[in-house]
Amino acid sequence: MTDDILISSCQCGKVRCQGIGQPIISGVCYCDDCQAGAKLLEVLDGASKVTEEDDGTHYLTYRDDRFRCIEGGELLQAYQHSLNARTRRMVASCCNTAMFLKFSKGHWTSSYAKRFTGDIPAVEMRTQTQFRNSDLPLPDDAPSYRTFGLRLFWRLFTSRIAMLTG
Ligand SMILES: [Zn+2]
């Protein structure tokens, strides 16, 4: 595994985060939670889009110990699209830019792929297409799953083991 570092930043540049090495997964999610989250965050004043043309959200998902905010962390503000949402989406309050999200109890952080510059890993899978409403054709550059798919759980599981064993 290479230890290349990818940097994500908000629109005005005050908040910067870094992901180290290969993410657990580079994937597009269409689930209802991600769609509700996108609707909430994209209407904030001055916000930029977090979704793709077909309303999927592309994330680079990192182990928590491989992703962190390196500048402007105090400007991050958590948003939840509903009281019982299991995700907290972190927004750079300086310019209303959605940066990443935390799934409650998960050992991973999903960062919005659109915020990264440079060569980011290609999409490896599309998940929860059962919630996809777009009329656009489903891209066939990577496997798609109606639910989260076993492959994703396997990646999350093995990344947890790797994290525990250093
Ligand atoms: Zn900003």
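**Close-up views of a predicted model**

**View 1. Strand 7 and strand 8 as a pair.** Strand 7 (87-92) and strand 8 (97-103) pair in the antiparallel sense over six bridges, where helices (H or I, at least four residues) and strands (E, at least two) are DSSP runs numbered from the N terminus, and two strands pair if DSSP finds at least two bridges between them. The bridge partner of R89 is L101, in strand 8. This is a predicted model, in which local features need pLDDT of at least 70 and side-chain atom pairs count only at pLDDT 80 or more, while totals for chains, interfaces and linings use all residues. Residues are numbered from 1 along each chain as its sequence is written.

**View 2. The open sheet.** Seven strands form an open sheet with mixed pairing, in the order 6-7-8-9-4-3-10. Strand 6 and strand 10 (125-127) are the edge strands, each pairing on one side only.

**View 3. The buried residues of helix 1.** In helix 1 (residues 32-42), D33, C34, Q35, G37, A38 and L41 are buried, meaning that 20 or more other C-beta atoms, placed from the backbone, lie within 10 Å of the residue's own (exposed if 12 or fewer, partly exposed in between). These residues pack against strand 3 (25-29), strand 4 (57-63), strand 6 (76-79), strand 7 and strand 8.

**View 4. The surroundings of A98.** Not counting residues up to four places away in sequence, A98 touches L41, V50, R89, V91 and Y112; contact requires C-beta atoms, placed from the backbone, within 7 Å. L41 is also among the buried residues of helix 1, and R89 is the bridge partner of L101.

Technical notes:
Contact = placed C-beta atoms within 7 Å.
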